Amino acid sequence: MGSTRLTPSRTWYMLVGILIVLAAAVAAGALIASIRQIDFRPVTVPGETDINVLAQGTWLVCIESTNGTTPVLDDGVQIEFLNPATGTTLPMRERSFPLTYRLGGTRGVSMGDVTLLPGRWVVVSTLLEDASARQAGVDFVVG
């Protein structure tokens, strides 16, 4: 008795390949849609910027450029979040790996994040003494 080898036809392999490509496209689309939903707000550096948090969540702090270049993370800027009602100050947590994005002519890199409770918060940004000159066309945003 001879042994017959049972293998799926080429059609099944093509179907699996198409499903993998479709899943990757859906994942990429969901990532782009989630980034576009972030309501980025400019931060004055140095200075203070008010934000109103409606629900508890994690806010990203990013550095953006509109001059076509990818911005370089700036170690000379310190960003903290102050709750004026309680006096609580939260430092920005540095990210273990930066998220980069491009939306139209804007390029951005995440610097860190913070988890905020609902209420009014003041974003306090300080230029450190050893900060080098700021890059032209670069802004800080939270969202």
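## The β4-β5 pairing

In this predicted model, F81 has L90 of β5 as its bridge partner. The two strands, β4 (residues 77-83) and β5 (residues 88-91), pair in the antiparallel sense over four bridges. If you follow the chain through this hairpin, you will find four residues between the strands, and G87 there takes a positive phi near 80°.

## Two faces of β4

Which side chains of β4 are buried, and which are not? V77, I79, F81 and N83 point to one face and are buried, whereas Q78, E80 and L82 point to the other face and are not. In a regular strand, side chains alternate between the two faces of the sheet. So F81, the bridge partner of L90, belongs to the buried set.

## A nonpolar patch on the surface

Now for the surface. W12, L15, I18, L19 and L22 form a nonpolar patch there, and together they have about 530 Å² of accessible area. One of these residues, I18, lies in helix α1 (residues 10-36). I18 counts as partly exposed because its relative accessibility is 47%, and the partly exposed class runs between 20% and 50%.

## The protein as a whole

Stepping back, the protein has one helix and ten strands. From the N terminus on, the helix is followed by the strands, in the order α-β-β-β-β-β-β-β-β-β-β.

Of the 143 residues, 29% are buried. The accessible surface comes to about 9500 Å², and carbon and sulfur atoms account for 59% of it. Among contacts between residues at least 6 apart in sequence, 76% join residues at least 24 apart.

Key
Residues are numbered from 1 along each chain as its sequence is written. This is a predicted model: local features need pLDDT of at least 70, side-chain atom pairs count only at pLDDT 80 or more; totals for chains, interfaces and linings use all residues. Side-chain values use heavy atoms; hydrogens and water are left out. Buried means under 20% relative accessible area, exposed over 50%, partly exposed in between (1.4 Å probe, protein chains only). Two strands pair if DSSP finds at least two bridges between them. Patches are made of residues with over 30% relative accessible area and no salt bridge: like charges are joined within 9 Å, nonpolar side chains (Val, Leu, Ile, Met, Phe, Trp, Tyr) within 5 Å. Accessible areas come from the Shrake-Rupley method with a 1.4 Å probe; for residues, only the protein chains shown count as cover. A salt bridge is a side-chain nitrogen of Lys or Arg within 4 Å of a carboxyl oxygen of Asp or Glu. Contact means heavy atoms within 4.5 Å.
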